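Thanks for making the time. I will go through one structure, taking the surface, the domains and a couple of backbone angles.

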Amino acid sequence: MTALQKKDVNPIEHLTPEDVELIGKELDEIRQGVMDSRGEADARYIRRVIDVHRKIELGSRAVLLASGFPPAWIAGTIGLSIAKILENMEIGHNILHGQWDWMRDPKIHSTTWEWDMASPAEQWKHSHNELHHTYTNVIGKDNDLGYGIMRVDEDQPWTPMYLGQPLWSFINACFFEYGIAAYDLELGAVIAKKQTGDPEFRRRAKQVLVKIGRQVRKDYLIHPLLSGPNFVSTLAANFVANIVRNLWSNSVILCGHFPEGVETFEKKSIDGETRGEWYLRQMLGSANISGSKAMHTLTGNLSHQIEHHLFPDLPSNRYAEIAPKIRDLFERYGLNYHTAPLPQQVGSAWHKIIRLSLPNGWLENTTARNLPVQLAKLWKMTTGKPRVRRALLREQAAMAAAAA
């Protein structure tokens with residue numbers, strides 16, 4: 001296994017093949033222990049969360065019937081935002097992972113659940129469960145890593161196009177559900193390959209358009225109409241709640257795989273990958289968020305991203321229980337259990353987005369004193385002739401290597 005990021009110290013070079021396989025066996029035992037102990041307490045948990053979500057949503061929509069009254073608008077919008085976050089993170093995401101299929105409840109099952117998102121559940125399960133969780137943080141295989149629109153590693157060649165990365169990353173965060181729908185469709189690749197006429201693509205595109213139409217009618221027509229004279233204020237409340245949910249889910253997902261220090265991997269690194277090596281990749285390629293129980297619930301327990309990526313099919317309410325065992329395993333084998341509070345992880349992820357939008361080492365080598373010179377150099381890297389740009393990029397890369 002080789003981390004794509006070239007480092008002076010390989011974080012796993014001290015592990016022997018026997019160590020890796022022992023890690024895998026210990027993790028298998030932890031997983032099996034939870035699988036064997038699933039029961040009524042877990043079933044009560046998910047049913048209670050669904051019940052709370054529905055009450056919050058219905059109560060918030062009732063309050064928004066009077067959304068022309070500012071306090072009602074504020075209370076209803078906050079409640080609806082929380083309801084949408086709960087449905088998206090702790091309920092929809094985890095049900096669609098099959099975490100509750102063992103209950104054999106047709107109403108809470110990965111094959112029947114449809115969530116409050118633009119992306120149809122069927123398409124999301126393929127792109128997320130089958131691809132992302134199999135190829136976690138493998139450049140060119142895991143499209144969740146940067147969603148095909150971001151430079152995510154120093155070894156990816158820099159081009160001027162990436163200067164816009166912070167802006168389009170923020171726009172994508174605001175309208176995240178639509179970005180996910182386009183990503184699940186592999187829209188960019190289909191357009192690039194001129195395959196929009198493919199019957200299978202057309203079938204899936206129709207699914208997405210039907211789902212988006214259903215969501216738009218619900219949030220921007222039916223519920224606002226029920227508010228009568230408060231149509232516009234209720235529509236605005238729904239819009240704000242969707243933006244809040246999108247920004248929250250995007251932030252949680254960024255924290256899980258994109259902060260500084262989380263590893264990315266080359267395609268060749270997974271050739272012949274063993275079960276133990278797959279586990280190790282999940283451990284190195286994920287990061288946790290520390291915080292309260294309420295925060296864990298609102299993140300869908302993706303605040304326990306390391307545990308989730310090791311065991312994506314375990315009930316989410318059990319991740320906190322096994323987290324100390326996983327952390328102990330990291331410590332015993334000399335690995336970094338990457339965890340930090342939400343603001344720190346979000347800040348780290350956005351620092352990386354900005355850093356990688358620039359040529360390697362540019363941000364690190366820029367100070368208040370040399371800023372004019374660095375900006376002039378960046379301008380030449382962006383607009384200069386190819387020969388000049390290549391020379392400046394080589395010079396910048398050499399400076400970055402020397403500084404490292």
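**Surface patches, domains and two loops**

Arg387 is exposed, with a relative accessible area of 61%. Keep in mind that this is a predicted model. As for where Arg387 sits, that is helix 16, residues 386-403. Arg387 also belongs to a positive surface patch, and its partners there are Lys385, Arg390 and Arg394. Arg387 can be counted in a patch because its 61% is over the 30% relative accessible area that patch residues need.

Now the domains. The domain assignment splits the protein into domain 1, 4-340, and domain 2, 361-403. How far apart are the centres of domain 1 and domain 2? Taken over C-alpha atoms, the separation is 36 Å.

Next, the other patch. There is a nonpolar surface patch of about 550 Å², and the residues that make it are Leu167, Phe170, Ile171, Phe175, Phe239 and Leu247. Which helices supply at least two residues each to the nonpolar patch? They are helix 5, residues 165-174, and helix 9, residues 231-257. Helix 5 gives the most, with three residues.

Take Phe170 as one member of that nonpolar patch. Phe170 is in helix 5, and its relative accessible area is 45%. That makes Phe170 partly exposed, because the class runs between the 20% limit for buried and the 50% limit for exposed.

Last, the backbone. Most residues other than glycine have a negative phi. I have two residues to show against that background.

One is Glu186, which is not a glycine and yet has a positive phi of about 55°. Glu186 is placed in the loop between helix 6, residues 176-184, and helix 7, residues 187-192. With a relative accessible area of 38%, Glu186 is partly exposed.

Then there is Asn301, also a residue other than glycine, with a positive phi near 60°. Its loop runs between helix 11, residues 293-298, and helix 12, residues 305-310. Is Asn301 buried or exposed? Asn301 counts as buried, at 6% relative accessibility, because buried means under 20%.

To recap the two loop residues: Glu186 is partly exposed, whereas Asn301 is buried. Each has a positive phi, about 55° for Glu186 and near 60° for Asn301. On the surface, there is the positive patch that includes Arg387, and there is the nonpolar patch that includes Phe170. That is what I have for today.

Terms used:
Residues are numbered from 1 along each chain as its sequence is written. This is a predicted model: local features need pLDDT of at least 70, side-chain atom pairs count only at pLDDT 80 or more; totals for chains, interfaces and linings use all residues. Side-chain values use heavy atoms; hydrogens and water are left out. Patches are made of residues with over 30% relative accessible area and no salt bridge: like charges are joined within 9 Å, nonpolar side chains (Val, Leu, Ile, Met, Phe, Trp, Tyr) within 5 Å. Accessible areas come from the Shrake-Rupley method with a 1.4 Å probe; for residues, only the protein chains shown count as cover. A salt bridge is a side-chain nitrogen of Lys or Arg within 4 Å of a carboxyl oxygen of Asp or Glu. Lys and Arg count as positive and Asp and Glu as negative; His and the chain ends are not counted. The place of a charge is taken as NZ of Lys, CZ of Arg, CG of Asp or CD of Glu. Helices (H or I, at least four residues) and strands (E, at least two) are DSSP runs, numbered from the N terminus. Buried means under 20% relative accessible area, exposed over 50%, partly exposed in between (1.4 Å probe, protein chains only). Domain bounds come from an automatic or database domain assignment.
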